[in-house]
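User: Hello! Please take a close look at the sheet part of this model for me, and then carry on to whatever else helps to place it.

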Amino acid sequence: MDGVTVIDHPLVQHKLTIMRKKETSTGSFRRLLREISTLLCYEVTRDLELTTERIQTPLEEIDAPVLEGKKLVFASILRAGNGLLEGMLELVPSARVSHIGVYRDHETLEAVEYFFKAPDSIDERLVIVVDPMLATGNSAIAAIDTLKSRGATNIRFLCLLAAPEGIKSFRAHHPDVPVYTASIDRQLNEKGYIVPGLGDAGDRMYGTK
Ligand code: U5P
């Protein structure tokens with residue numbers, strides 16, 4: 001699918017299978033989400049540009065590679081997005097973090113924004129937006145509308161599971177934003193859940209209902 005990368009690393013796929021299991025506990029789910037997010041982060045940052053810095057090793061001076069440009073921004077769509085943040089920040093500890101509060105109206109499935117906070121100069125940074133699930137796509141579309149209205153131009157979207165319907169709608173709204181996911185599941189059900197999916201990511205992560 002154009003603009004969509006499926007991260008099919010065996011460790012990602014194995015961990016995802018355990019996360020999907022109904023009987024997986026909250027504690028295990030959370031731990032797996034942290035582990036898997038590190039691997040997803042590795043893949044979503046694979047093509048970042050490098051420059052060089054003159055450094056002195058104990059033996060000699062060299063031009064050594066370092067990341068080019070301003071610090072990355074990880075933008076978490078609350079609250080489930082926070083589950084992906086932890087592992088990503090382990091890999092990129094200096095990343096800046098944006099929080100975007102969007103909840104889904106259970107009747108209309110429309111996204112309603114209630115919170116937004118972002119670091120300065122997001123127009124000069126790569127922004128990686130994270131939410132474990134791309135279901136209807138409405139939350140991600142709204143979050144990225146907001147980021148763009150604040151000046152962000154270089155954006156990627158990272159999730160664990162995506163529904164074909166969500167990808168289609170998302171790509172129609174934001175064709176310039178590539179999507180990275182560990183799986184494209186079969187479909188959405190009548191309540192807007194991804195099937196086979198893993199249930200409500202926020203509830204599974206925090207043990208709520
Ligand atoms: N969501 C789930 N599980 C699903 C479908 C959606 O947890 O099977 C939640 C996600 O937490 C996400 C939001 O934040 O709903 C995405 O929904 P949507 O706006 O893409 O429909």
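Analyst: Happy to, and one definition helps from the start: angles here are taken between the N-to-C directions of axes, which are lines fitted to C-alpha atoms, and they run from 0 to 180 degrees. Please keep in mind that this is a predicted model.

With that scale in hand, consider helix α3, residues 82-91, which lies across β4 (73-78), β5 (96-104), β7 (126-130) and β9. Relative to β4, helix α3 runs at about 155°. These four strands belong to an open sheet of seven strands, whose order is β1-β11-β9-β7-β4-β5-β6 and whose pairing is mixed. Strands β1 (4-6) and β6 (111-117) stand at the edges; each has a single partner strand, so one side of each is left without a neighbour in the sheet. From one strand to the next, the twist averages 20°.

As background, strands of a sheet pair through backbone hydrogen bonds, in either a parallel or an antiparallel way. In the seven-stranded sheet, β9 (residues 154-158) and β11 (residues 179-181) run parallel and are joined by two bridges. If you want a place to look, F157 has V179 in β11 as its bridge partner.

Now follow the loop between β4 and α3, where R79 is found. The peptide bond leading from L78 to R79 is cis, with omega near -5°. A second cis peptide bond joins V195 and P196, with omega about 0°; P196 is found in the loop between β14 (194-195) and α6 (201-206). Another backbone detail turns up in the loop between β6 and β7, which holds S121. Phi of S121 is near 40°, a positive value in a residue that is not glycine. These spots merit a glance because most residues other than glycine have a negative phi and most peptide bonds are trans.

Beyond the seven strands, there is another open sheet, with three strands in the order β8-β10-β12 and parallel pairing. Its edge strands are β8 (133-134) and β12 (183-184), each of which pairs on one side only. Strand β8 runs parallel to β10 (residues 161-162), and two bridges join them; the partner of M133 in β10 is L161. An antiparallel pair is found in β2 (residues 50-56) and β3 (residues 61-67), linked over seven bridges. A hairpin of four residues joins β2 to β3, and R54 is bridged to D63 in β3.

Then there is the ligand, which 16 residues surround; the closest are R104, D131, T136, S139 and A201. Look for the side chain of S139, which has an N or O atom 2.5 Å from an oxygen atom of the ligand. The backbone takes part as well: an N or O atom of G137 lies 2.8 Å from a ligand oxygen, and a polar backbone atom of G199 is 2.8 Å from a ligand nitrogen. Taken alone, the ligand exposes 460 Å², and the protein buries 93% of that.

To put a frame around this, the unreviewed UniProt entry annotates residues 6-208 as "domain: Phosphoribosyltransferase". In the model, that span is 33% helix and 30% strand, and its end C-alpha atoms lie 29 Å apart.

Note on methods: Residues are numbered from 1 along each chain as its sequence is written. This is a predicted model: local features need pLDDT of at least 70, side-chain atom pairs count only at pLDDT 80 or more; totals for chains, interfaces and linings use all residues. Side-chain values use heavy atoms; hydrogens and water are left out. Two strands pair if DSSP finds at least two bridges between them. Contact means heavy atoms within 4.5 Å. A residue is near a molecule or strand if one of its heavy atoms lies within 4 Å of it. A polar contact is a pair of N or O atoms within 3.5 Å; within protein, one must be able to donate a hydrogen and the other to accept it, and residues adjacent in sequence count only if both atoms are side-chain atoms. Accessible areas come from the Shrake-Rupley method with a 1.4 Å probe; for residues, only the protein chains shown count as cover. UniProt positions are given in the numbering used here, feature names are shortened, and annotations may be inferred rather than shown by experiment.
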